[in-house]
2 protein chains.
Amino acid sequence: MGRKRTKSGKIRLAEVAELAGVSPITASRFFRNPEALSVAKRTRVESAAKELGYVPNLAARALASQRTEVIGVLIPSLTNNVFSDVLRGIYDASEGSRYSIQLSNTRYSILQEEKLLRLFLAQKPAGLIVTGIDQTAESRAMLQAADCPIVQIMEIGPDPVDMMIGFSHYDAARAAVAHLFEQGHRKIGFVGARMDPRVQRRMDGYVSSMKDAALFDQRLVVTTATPTSVTLGGALFTDLLAREPDIDAVFCANDDLALGVLFECRRREIAVPGQIAIVGFNDLEFMASAVPTLTSVRTNRYEMGKTAATMLIEAIEGRRPEQPVLDLGFKVIERQSSSARRSDSRPAVSGAGAANKMIALPSSHD
Amino acid sequence: MGRKRTKSGKIRLAEVAELAGVSPITASRFFRNPEALSVAKRTRVESAAKELGYVPNLAARALASQRTEVIGVLIPSLTNNVFSDVLRGIYDASEGSRYSIQLSNTRYSILQEEKLLRLFLAQKPAGLIVTGIDQTAESRAMLQAADCPIVQIMEIGPDPVDMMIGFSHYDAARAAVAHLFEQGHRKIGFVGARMDPRVQRRMDGYVSSMKDAALFDQRLVVTTATPTSVTLGGALFTDLLAREPDIDAVFCANDDLALGVLFECRRREIAVPGQIAIVGFNDLEFMASAVPTLTSVRTNRYEMGKTAATMLIEAIEGRRPEQPVLDLGFKVIERQSSSARRSDSRPAVSGAGAANKMIALPSSHD
DNA sequence: AGGAACGTTGACAGCGCTACCAGCAACGAC
DNA sequence: GTCGTTGCTGGTAGCGCTGTCAACGTTCCT
């Protein structure tokens with residue numbers, strides 16, 4: 001049984017080299033740049049490594065080469081569905097590559113982010129993925145000074161540290177409100193939780209749209225710093241309704257809140273969209289399945305993570321993308337919950353997951 | 001500004017030692033076992049390190065000490081809410097400790113798990129957290145031979161490799177079905193997706209309960225290997241209904257499916273719980289907020305992750321828990337969706353559930 | 001033929017840290 | 001006073017790998 005664990009299971013590069021009849025350095029090169037070897041030695045080293053079951057010692061490699069093959073990822077939350085999709089993309093892209101992902105959770109604190117950044121940078125990561133564009137000055141300076149590629153994800157904005165991939169939350173919110181306007185809604189409330197920078201910008205988009213239409217009223221906005229949840233959606237909507245009982249639509253900063261609003265409407269026997277239209281944000285899977293189906297702004301989260309990691313790896317290996325800032329855009333997915341205003345209060349009946357009309361927009365930033 | 005980045009930001013232990021006026025090895029000891037130093041040297045090294053902004057080189061440490069401070073975590077999915085809760089617990093527990101988390105996704109494949117395990121073990125992790133009790137024989141042998149503490153999470157079963165923390169999915173399912181029996185339901189369907197080992201055991205629990213009551217019928221079971229989703233819940237329920245139109249309850253293998261079933265009922269104007277009762281599994285946050293509120297089996301996911309990581313770290317540091325197998329149990333949270341069967345089809349008004357307003361349950365639209 | 005250019009290989013010297021063991025002072029037991 | 005014991009400190013010798021540079025053989029050019 002304990003066959004290969006003779007001493008401590010250690011098969012070193014030297015052993016492989018010896019079996020292959022080459023010098024250790026040649027064997028080393030095989031693992032880093034096989035092209036540099038002659039075909040004969042390449043196959044010899046390869047079979048020797050396989051025979052011995054050689055696995056490189058990453059610590060030794062990192063020490064000798066002064067760099068690691070770790071990609072640091074800083075995200076603000078592990079709970080949020082949004083980030084789990086992004087993460088899945090990142091992990092998928094990193095799989096099969098030589099790089100491993102080191103994940104840390106900033107808990108929506110830019111101070112915590114700064115601390116983690118310092119920690120990460122000290123280990124000389126191969127690359128870094130950070131969330132958003134709102135870092136502390138100190139963090140920004142560290143990122144600026146870091147000698148590894150960096151991707152900022154989730155949104156785009158001015159002054160990328162390096163690469164950037166996301167979309168404009170501001171424009172996306174404006175598109176959502178525009179859709180509600182088109183459907184004849186005027187008194188549109190906003191419900192937001194957590195109020196991290198991206199939610200803030202969605203709110204800004206809402207506010208500016210409403211102001212443009214001379215429909216803005218501070219009383220239409222209900223927000224809280226509390227982390228989001230379905231239950232919270234109901235509670236915030238309740239507040240909104242207490243203040244402004246005659247609203248005809250609610251734009252929710254995310255889909256959990258939207259679902260909470262929907263349930264609250266059901267509880268109060270408010271017809272959706274007959275009396276109140278609902279629009280969410282992110283287009284999580286359940287939105288297409290709810291009754292009525294819920295309109296939302298689709299964001300390409302998985303793709304964002306995957307592309308970010310792919311771009312980063314490319315950049316690490318010296319192939320910088322020609323386009324360092326990538327706008328993945330968004331789409332307003334129109335569903336039953338926001339269909340045109342109607343006088344009768346019966347909700348529209350239609351097949352679940354009915355083909356969705358989509359408004360696709362690249363987020364134009366100026 | 002750029003003060004300490006003289007060469008390439010490298011402040012070595014030797015520099016710290018020099019400034020503190022001690023030998024490098026003494027400085028080294030300070031970071032690993034401060035108690036071993038005299039108070040005088042301790043403070044000297046401490047302030048020297050702080051002044052220079054010293055950050056240890058983990059690669060060098062790992063190489064010299066022949067072990068890493070990495071805790072490997074193998075989970076089957078990043079998408080599933082269930083695991084994000086567990087992960088959050090793990091990360092929370094690891095924070096503040098010296099250990100960092102290395103996460104890998106097995107995608108519900110035990111072969112992939114075996115591959116990842118081999119990779120992890122080669123790096124001599126400080127500890128390992130693996131999901132479930134269904135490893136390949138080869139994986140099990142590797143785990144058995146590994147010289148680091150290991151925790152199996154998510155469920156408990158016989159023959160722990162080392163430590164184990166979870167609950168019995170089989171018993172939890174039996175409790176859910178027992179609850180439905182108590183409420184007067186007899187023709188209870190089962191809806192399951194993905195059918196990973198834990199879902200399988202929930203199904204086994206359901207089947208055995210139904211057989212015990214002489215109520216089992218294969219036609220009451222609808223499952224698929226497809227990954228779970230809300231939409232899928234609706235689709236599976238549709239299948240079930242087509243087969244057995246007169247069921248009076250559905251036990252769903254998870255909450256997403258349950259929500260899908262609820263929406264499908266709404267679409268079909270089937271009263272819940274008047275005509276059909278629904279019970280989910282996991283008790284995700286939205287269950288308490290749905291209309292009607294949805295009964296579910298609460299599982300302590302966050303706690304599971306947190307406790308697993310805490311136990312693991314304790315074990316790594318030589319303090320093995322007296323109780324290596326920990327059953328965290330479960331709880332059937334009874335809500336409106338499964339309240340007692342009644343002859344009229346109007347659902348009950350009840351104060352049970354979490355968001356306890358007295359709310360009139362919706363009747364079907366008429 | 002001579003030499004430059006290229007492709008391939010190897011020797012050497014660490015990377016920054018810690019395991020191991022030796023040394024030294026202070027103290028108490030006999 | 002001698003010896004062991006304890007508590008603290010330091011020297012030495014690597015951990016396993018790769019960067020750098022030199023050396024070699026081969027090809028291709030003039």
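Biologist: Hi! Which helix gives the largest share of the surface near DNA strand C?

Modeller: That is H4(B), with four residues. Helices here are DSSP runs (H or I, at least four residues) and strands are E runs of at least two, numbered from the N terminus. "Near" means that a heavy atom of the residue lies within 4 Å of the strand.

Biologist: Before we go on, what am I looking at?

Modeller: This is a predicted model, where local features need pLDDT of at least 70 and side-chain atom pairs count only at pLDDT 80 or more, while totals for chains, interfaces and linings use all residues. Residues are numbered from 1 along each chain as its sequence is written, chains are lettered from A and ligands numbered from 1 in the order in which they are written, and side-chain values use heavy atoms, with hydrogens and water left out.

Biologist: Thanks! How many residues surround DNA strand C?

Modeller: There are 26, and A:Thr26, B:Leu13, B:Ser28, B:Arg32 and B:Tyr54 are the closest. Of the DNA strand C atoms that come within 4 Å of the protein, 75% belong to sugar and phosphate.

Biologist: What does A:Thr26 have close to a phosphate oxygen?

Modeller: A polar side-chain atom of A:Thr26, 2.5 Å from that oxygen of DNA strand C. For B:Leu13, a polar backbone atom is 2.5 Å from a phosphate oxygen of the strand. A:Gln66 has a polar side-chain atom 3.4 Å from a sugar or linking oxygen.

Biologist: New topic: how many residues does each chain put into the contact?

Modeller: Chain A gives 48 residues and chain B gives 48 residues, where contact means heavy atoms within 4.5 Å. The two chains bury about 4,500 Å² between them, with 52% of it on carbon and sulfur atoms. Buried area is the accessible area (1.4 Å probe) that two parts lose on being put together, summed over both.

Biologist: And how many salt bridges cross the interface?

Modeller: The rule finds four between chain A and chain B. A salt bridge needs a side-chain nitrogen of Lys or Arg within 4 Å of a carboxyl oxygen of Asp or Glu. One joins the side chains of B:Arg107 and A:Asp92, at 2.3 Å from N to O.

Biologist: Which helix gives the largest share of chain A's side?

Modeller: H5(A), with seven residues of the side that touches chain B. By class, that side of chain A has 22 nonpolar, 14 polar and 12 charged residues. Nonpolar covers Ala, Val, Leu, Ile, Met, Phe, Trp, Tyr, Cys and Pro, charged covers Asp, Glu, Lys and Arg, and the others, Gly among them, count as polar.

How values were computed:
A polar contact is a pair of N or O atoms within 3.5 Å; within protein, one must be able to donate a hydrogen and the other to accept it, and residues adjacent in sequence count only if both atoms are side-chain atoms.
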